[in-house]
Amino acid sequence: MGNPNAEKLMIYFPGGAYCIPALPGHFDLVNALTTDLKKNNQDLGVLFLAYELVPHAPWPRQLAQGVALVQYAIEVLGKRPSNIILQGDSSGAHLALAVLSHLTEAHPHDSIPTLSLSENLLGALLLSPWIYFGTDHESFRTNADKDAISAKSLTRWAQALFSNADIDKYSHPTEAPIGWWKLLPVERIFIGVGGDEVLLDSIISLAHKIKAERPDVLISRVPREFHAEPITDFGLKLPPGVQFQAMAAWLNQTFSR
């Protein structure tokens with residue numbers, strides 16, 4: 001999508017609990033963001049990752065594919081890391097964090113390409129990141145009747161994804177040690193969450209840990225929005241909401257640097 005010859009690049013990791021392929025709303029969201037950027041004279045290309053799905057491809061197969069796409073963008077397409085933003089929603093935002101962790105310290109699995117950056121990536125935009133796989137936070141109870149996803153479905157998806165995987169800082173970001181987030185090779189981070197998400201507490205908790213270690217982290221908490229609502233809004237042809245506007249503003253500011 002976008003202009004393949006543009007210097008600036010967005011690499012998009014779509015959500016879907018690693019079990020569901022990209023939806024029309026994903027492409028409509030990205031198209032709206034690139035259109036907004038173009039109005040502000042920001043020209044860019046977009047690469048979507050069509051990673052293999054669970055249960056056919058258990059973790060960390062998706063991490064290997066995410067790293068390979070970043071490597072392709074840099075080594076084959078000739079994009080500078082400082083012109084690249086990683087973007088993802090839900091499990092795609094989880095994958096973006098895992099890729100950043102791998103770029104910081106290589107994952108031990110031999111299927112994952114080794115990639116050393118010459119400079120930091122420009123940014124990472126994380127919408128409703130699925131980064132905690134329990135269901136014991138209070139927001140699972142207070143938002144149970146407000147969100148589009150449930151504790152039951154999340155538990156089932158997590159079991160399918162990590163049935164034979166190690167629990168480490170790549171698969172479970174909440175396991176990362178103190179000081180880890182300041183090492184990530186990225187300049188700016190956006191973390192968006194809706195106030196009606198069952199994942200609200202876990203996202204806010206990790207977001208504040210990351211922000212405590214990095215100078216340029218924006219936490220966008222929008223009341224009365226559910227999990228990855230901008231994607232659902234575009235899928236249903238509804239007007240863009242507050243979180244979309246926050247994402248567009250952050251992207252414009254970041255690509256203008």
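In this predicted model, Pro 60 lies in the loop between strand 2 and helix 2. The peptide bond that leads into Pro 60 from Trp 59 is cis, with omega near 15 degrees. A cis peptide bond also joins Val 54 and Pro 55, where omega is about 5 degrees. Pro 55 is likewise placed in the loop between strand 2, residues 44–48, and helix 2, residues 61–75.

Strand 2, which precedes this loop, belongs to an open sheet of six strands. The order of the strands is 2-1-3-4-5-6, and the pairing is parallel. Strand 2 and strand 6 stand at the edges with a single partner strand each, so one side of each has no neighbour in the sheet. On average, neighbouring strands of the sheet are turned by 15 degrees against each other, direction ignored. Although strand 2 is an edge strand, four of its five residues are buried, so strand 2 is largely enclosed by the rest of the structure.

The pairing of strand 1 with strand 2 is parallel and runs over five bridges. Within this pair, Leu 9 has Gly 45 in strand 2 as its bridge partner. Strand 3 is joined to strand 4, residues 121–127, by five bridges, and these two strands also run parallel. Here Gln 87 stands opposite Leu 125 in strand 4. Helix 1 packs on the sheet and touches strand 1 (8–13), strand 2 and strand 3. The direction of helix 1 makes about 165 degrees with that of strand 2. Helix 2 packs on the sheet as well, with strand 1, strand 2 and strand 3 as the strands it touches. For helix 2, an angle of about 165 degrees is found with the direction of strand 1.

Two residues other than glycine have a positive phi and lie in loops that follow strands of the sheet. Ser 90 is not a glycine, yet its phi is positive, at about 55 degrees. Ser 90 is located in the loop between strand 3, residues 84–89, and helix 3, residues 91–104. With a relative accessibility of 10%, Ser 90 falls under the 20% limit and therefore counts as buried. Arg 224 has a phi near 60 degrees, again a positive value in a residue other than glycine. The loop that holds Arg 224 runs between strand 6 (217–222) and helix 7 (229–235). Unlike Ser 90, which is buried, Arg 224 is exposed, with a relative accessible area of 70%.

Ser 90 is also among the contacts of Ser 128. Ser 128 is placed in the loop between strand 4 and helix 4, residues 139–142. The relative accessible area of Ser 128 is 1%, and the residue is buried. Apart from neighbours within four places in sequence, Ser 128 is in contact with Ser 90, Gly 192, Glu 197, Ile 203, His 227 and Ala 228. The C-alpha atoms of Ser 128 and Ser 91 are separated by 8.6 Å, while the two residues are 37 residues apart along the chain.

Empty space in the model was examined next. The largest pocket has a volume of about 350 Å³. It is lined by 19 residues, of which Gly 16, Leu 23, His 227, Ala 228 and Thr 232 are the closest to its centre. Helix 1 (24–39), helix 5 (151–161) and helix 7 are the elements that give two or more residues to this lining. Helix 7 provides the largest share, with three residues. By class, the lining of the largest pocket consists of 10 nonpolar, eight polar and one charged residues. Two of the residues named here, His 227 and Ala 228, are also in contact with Ser 128.

One cavity of 30 Å³ or more was counted. The largest cavity holds about 40 Å³ of space. Its lining is formed by Leu 97, Leu 126, Pro 129, Ile 131, Ile 191, Ile 203, Leu 206, Ala 207 and Ile 210. Helix 6, residues 200–213, gives the largest share of this lining, four residues. The lining of the largest cavity has nine nonpolar residues, with no polar and no charged residues. Ile 203, one of these lining residues, is also in contact with Ser 128.

Technical notes: Residues numbered from 1 in each chain as written. Predicted model: local features only at pLDDT ≥ 70, side-chain atom pairs only at ≥ 80, totals over all residues. Heavy atoms only, no water. Buried < 20%, exposed > 50% of the residue type's maximum accessible area, 1.4 Å probe, protein only. 1 Å grid on protein atoms, 1.4 Å probe; cavity = no way out; pocket = protein on both sides within 12 Å on 5 of 7 lines; lining within 4 Å. Points joined across faces, edges and corners; volume = space filled by probe spheres on them. Nonpolar A, V, L, I, M, F, W, Y, C, P; charged D, E, K, R; others polar. Pairing = 2+ DSSP bridges. Axes fitted to C-alpha atoms, helices over the stretch in contact; angles between N-to-C directions. Contact = heavy atoms within 4.5 Å.
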